[in-house]
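Hi everyone, thanks for making time for this. I'd like to walk you through one model, so please pull up the sequence and the structure.

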Amino acid sequence: MATTTSPSLAQHAPPAVTREQIEATIRSLQPFERVMIRLLMLQYLDPTHDDVTFMAQERSEPNMKAGHKFGGFAVGTDRKIILPREWITAIEHKVQQYASQVRDHRKRLDLQISFMTDYLQGLERETQAIETLLITACGFDGASLEELRLQARQALITYALRKLAARAEKQEVEEDAYLKERLSLEYQAQHRRRDRFKKRLEQMLQERRVVMLSSLSDEHLATIWGIAQGPILSRRVKAIQRYVNALALTLNAPLQEGQFAAAVNAGLGSRMAGGNKNEGVGTKTLEIKEDLWSKTLQSLPPAPAPSESKPCEHDGGGKVLAGLLRSLATYLMSEEDESKLWTRTNQCLPCLLRLRTIYVVDETTESVIERVRARTMMPRKDEPQAPPVEDPEVAAAKLADLEERLRPFIGTNVLPVGAKTW
Ligand SMILES: [Zn+2]
């Protein structure tokens, strides 16, 4: 077993513990330990029917101690206590509620990360296309591109784009000059966008590392189980200790000095917000942990989170929101609008799913260049307005196209042209 954590080692995923080994280890534990471990691993594992029954039974104990012999429930022919159905369903409901919370959170993080990873790759292609056009159509060289990049942080891009649009509207700018300025501004905008999304991606990766290794707080566990926090904590400690020892046995890998404590601390240490609300996500990068508890969590795939797709009402909802999401996914949104929208969409599962579908993963270099060229050409005075059409779908498509081409001019706080019609 590895005892060092050199940087090169940290690059590799820890040697996996298999799901079978984990499940066999849990099965070998005492009932209360099994229940506790499965609750602590709720992001990955489902408590069994027996676990639920065990928790429900424990709820009945105070009654029994108080002398109400089997009050409210019956004894079966095999002398087993039969619990009222609603005691079981109450626990099942709590388990489900917490399971969907932790799993939704994890799913959201996974979606954010996969979207942003692809998004950054596409942004690279987009930036490359702009660069190509700056060189071929505007005569830029390496040094002038470098200059643009260096000034990107300070540039007042949105303001300059609006001003440029106004000058084009009044025919105060030549087509060549327009193209040059428009491409330069977009080039800088995309550089800044890359910095923002890289930072966001880093944060999400960090949050996911924390979430992967976290379990429910004692307070939440007590709510599910229906017993006090005091016994919860002592059971948590015992269950983790027993699990770690049993897993070491299953793996036939005796624990070295310090390894037992490291694993138990990992099991006790990371708890999700709720009981410990002030525990935010730190900025320090978590190193990959080698202890048996962390290793277990890193070896399990997340349990699937069922998602109901309900329409979003935030940011205007409906077509307005759809337009905003498309604008975001296609790198056209201004920085100001983007940061406003991002704070909500990035927490919203339906929005993330939609972004994922809008986003075009495979686009050839030529088609990206073509798209950028079409977008950045000086708009003509005789630009056709969306004509009144009977079919709303055709009209919406035409409008969306026009809206996209006019995006920097109309901004995103303004309703699209003719939006009131629908
Ligand atoms: Zn949403």
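I'll begin with the overall picture, then go through some helix packing, and finish with a few individual residues.

One thing to say up front: this is a predicted model. The chain has 17 helices and 2 strands. Of its 422 residues, 27% count as buried. If you take the contacts with a separation of 6 or more, 79% of them come from residues 24 or more positions apart.

Let's go to helix H5, residues 85-138. How does the span of H5 compare with what its 54 residues should give? At 1.5 Å a residue you would expect 80 Å, and the end C-alpha atoms of H5 are 75 Å apart, which agrees. Right after H5 comes Gly-139, with a positive phi near 70°.

While we're on H5, have a look at Gln-112, which lies in that helix. Is Gln-112 buried or exposed? It has 24 other C-beta atoms within 10 Å, and the cut-off for buried is 20 or more, so Gln-112 is buried. And what does Gln-112 touch, once we leave aside its neighbours within four places in sequence? The answer is Met-204, Asn-346 and Leu-352. There is also a nice long-range pair here: Gln-112 and Leu-353 are 241 residues apart in sequence, yet their C-alpha atoms are 9.2 Å apart in space.

Now for helix packing. As a reminder, a packed pair is described by the angle between the two axes and the distance between them.

Start with H7 and H8, which pack at about 160° with their axes 10 Å apart. Angles over 145 degrees count as roughly antiparallel, and H7 and H8 are therefore roughly antiparallel to each other. The crossing of H7 with H8 is left-handed. On the H7 side, the contact is made by Ile-157, Ala-160, Leu-161, Leu-164 and Ala-168. H8 brings Tyr-178, Glu-181, Arg-182, Leu-185, Gln-188 and Ala-189. Sorted by class, that contact has 8 nonpolar, 1 polar and 2 charged residues.

Some of the spacings in that contact may look familiar. An α-helix has 3.6 residues a turn, so residues three or four places apart point the same way.

Next is helix H10, residues 229-250, and I'll take two of its partners. The first partner is H3, which packs against H10 at about 95°, with the axes 9 Å apart. That makes H3 roughly perpendicular to H10. Phe-32, Glu-33, Met-36 and Ile-37 of H3 meet Arg-235, Arg-236, Lys-238, Ala-239, Arg-242 and Tyr-243 of H10. How do the residues of this contact divide by class? There are 5 nonpolar and 5 charged, with no polar ones.

The second partner is H2, residues 19-27, at about 125° to H10 and with axes 9 Å apart. H2 and H10 are therefore oblique to each other, and their crossing is right-handed. Here Gln-21, Ala-24 and Thr-25 of H2 make the contact with Tyr-243, Ala-246, Leu-247 and Thr-250 of H10. By class, the H2 contact with H10 has 4 nonpolar, 3 polar and no charged residues. Tyr-243 of H10 appears in the contact with H3 and again in the contact with H2.

Let me finish in the loops. Most residues other than glycine have a negative phi. With that in mind, take Gln-171, with a positive phi near 60°. Where is Gln-171? It sits in the loop between helix H7 (157-169) and helix H8 (175-212), the pair we called roughly antiparallel. With 9 C-beta neighbours inside 10 Å, Gln-171 counts as exposed.

Asn-252 is another one to look at, with a positive phi near 55°. Asn-252 lies in the loop between H10 and helix H11 (259-269). It has 6 other C-beta atoms within 10 Å, so Asn-252 is exposed.

Last stop, Thr-48, in the loop between helix H3 (31-40) and helix H4 (49-65). Thr-48 is partly exposed, with 14 other C-beta atoms within 10 Å. Its C-alpha atom is separated by 9.5 Å from that of Arg-34, which is 14 residues away along the chain.

That's my tour, so over to you for questions.

How values were computed:
Residues numbered from 1 in each chain as written. Predicted model: local features only at pLDDT ≥ 70, side-chain atom pairs only at ≥ 80, totals over all residues. Axes fitted to C-alpha atoms, helices over the stretch in contact; angles between N-to-C directions. Helix = DSSP H or I, 4+ residues; strand = E, 2+ residues; numbered from the N terminus. Parallel < 35°, antiparallel > 145°, perpendicular 65-115°, else oblique. Left-handed = near helix turned anticlockwise from the far one by under 90°. Contact = placed C-beta atoms within 7 Å. Nonpolar A, V, L, I, M, F, W, Y, C, P; charged D, E, K, R; others polar. Buried ≥ 20, exposed ≤ 12 C-beta atoms within 10 Å, placed from the backbone. Expected span 1.5 Å × (residues − 1).
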